[in-house]
Amino acid sequence: MIPQYRQQPPKPPDEDFSPQMVVPSSIELFSFYRLTLAQCAKLSTGAKLVELCKVFAKYLDQYAQQVLLFYVSERSSGQTPSKIPQLEDTILVLNTADYCFNTCTQLEEKIRSRIDEGYKAIVDLQSQADAFMGIASATVRALVRRVEVDVERTWREMRNTGWSKMEMVGDQSSWVAEMLQNIKRRSTEVLGMLHKQQYARAFCDNLVDSVANAFIVSIFQCKPISEVGAEQMLLDSYALKKGFEDLLNINTKPNTPSPAGYIKRVNQSMSRLDPILKTLQVRPSPPEALVQAYLIHIADRSDTNFRKILDLKGLRKQDQSHLLELFQAHRASSRNEKLQQTSALLAPLAVSGTSPGGVGGPTIASGLGNLSSAATLSTSNLPARFDPSTFGSAIMNAARDGVDRLGTPTLGSTPSQTPSGATSPPTQQQSSAAGRASFEIPTPGGMGTTNLNENLRNIGKFFKRDIGGLGGRFGSGLKAADEAG
């Protein structure tokens, strides 16, 4: 059945698309399972039913990996660019993954209701349910990648701005309005197809995280940045933050207030730029002012990270020695003994060696890979050179490498914790390894199948927890979640 399902199109050619539609083969598969369960239960309610449950689990794994992931993966078309999944197909897979997640739980309960008491504890399809939720996470990330592709040209404009030559701060930069226009245009299309609020919220959360990370990476490709340039960047970041506040309600009636929890998430994501930009706003003379600004805003003990700030400001190496000595003296004082060893924000980033705007420097794609590997649906393990034609496979790399969204470390490893308890980004070595990986559709018995399935389950568990407070069947409702958050 699985090979046959894989050959079928996600949507029958003679049917019109609807935002609630699921892939027909998923309904057929679970209908077959229910019929098989009813027939088997008539013959045995003991060990044979346990064996049947294991068979169900095996082919549910195969359906997730070989059918649903196949639909949303980039595939070679013999031409350039490769075949990229259609937006409708991505929405269909998201709906289907959500349907399979819920139906797996229902099937598990049905088997337990029919099986003998001594075998009830053995019946378990939660791993399969989590894998389907992992696919839902991957599809949300794929939707975010579509927006990222649309705004890549705008990021190039931002990086090519002469940030060292600005003499005064004006209104928001021209690239900000263009970026918000592109983001809102694509988001209107995507959000209009998402009929469940928790997935709309997940899309917006991941998108805001993506833009924040891309902005941080772009800052490090804009050497040198003057104090006025840093102030202008800060103003631009506030303009983006303000534009994101109504993103979730873009298809609702005008003046509809956004949930408080979403506004809080936007503020948290975009405020990560503040420590860098506020430090860059301080002049290197007197030197004590810049050192104190670094210790207050960046708040770490790393010589390497401090040099990155000096490099971003365009200071010559011979002019950095005195500042570095002063930094080492101030951090050794008793009032700075609680500083973190290294900033999780700065550690994975490298300053571009060119000016202006990062021509010849690292791409946003490689920078994002270093900053934070997901699906999200954590945007993530991108190729070293950005190519819009490969965005479909980029999210599949995230599934394979255990990354569900930006800011989430490689799943399966032990995440490090910041002093606030937040999970820090992965190490640069982890990110580089993830970025080199490529996605391949697993075949029965293939060596990559186990790792892929485990990563999907881990992603699903994280994603299910992440959207648990967003209402729907995962929580107590949007209003309650927002009041709590």
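How many disulfides does the count come to? In this predicted model, the count comes to 0 disulfides. A disulfide is a covalent bond between the sulfur atoms of two cysteines. For Cys 100, the closest cysteine sulfur belongs to Cys 104 and lies 6.5 Å away. Because a pair of cysteine sulfur atoms must be within 2.5 Å to count as a disulfide, the sulfur of Cys 100 is too far from that of Cys 104 for a bond. Cys 100 is buried, with a relative accessibility of 0%. Cys 222 is likewise buried, at a relative accessible area of 2%.

Two further buried residues, Asp 98 and Arg 159, were examined for their side-chain contacts. Asp 98 is located in helix α4, which spans residues 87–114. Its relative accessible area is 6%, so Asp 98 falls under the 20% limit for a buried residue. The side chain of Asp 98 is joined to that of Tyr 199 by a polar contact of 2.7 Å.

Arg 159 belongs to helix α5, which covers residues 126–159. With a relative accessible area of 7%, Arg 159 is also classed as buried, because that value is under 20%. A polar contact of 3.2 Å links the side chain of Arg 159 with the side chain of Gln 221. Thus the side chain of Asp 98 in helix α4 has Tyr 199 as a polar partner, and the side chain of Arg 159 in helix α5 has Gln 221.

Definitions and conventions
Residues are numbered from 1 along each chain as its sequence is written. This is a predicted model: local features need pLDDT of at least 70, side-chain atom pairs count only at pLDDT 80 or more; totals for chains, interfaces and linings use all residues. Side-chain values use heavy atoms; hydrogens and water are left out. Helices (H or I, at least four residues) and strands (E, at least two) are DSSP runs, numbered from the N terminus. Buried means under 20% relative accessible area, exposed over 50%, partly exposed in between (1.4 Å probe, protein chains only). A polar contact is a pair of N or O atoms within 3.5 Å; within protein, one must be able to donate a hydrogen and the other to accept it, and residues adjacent in sequence count only if both atoms are side-chain atoms.
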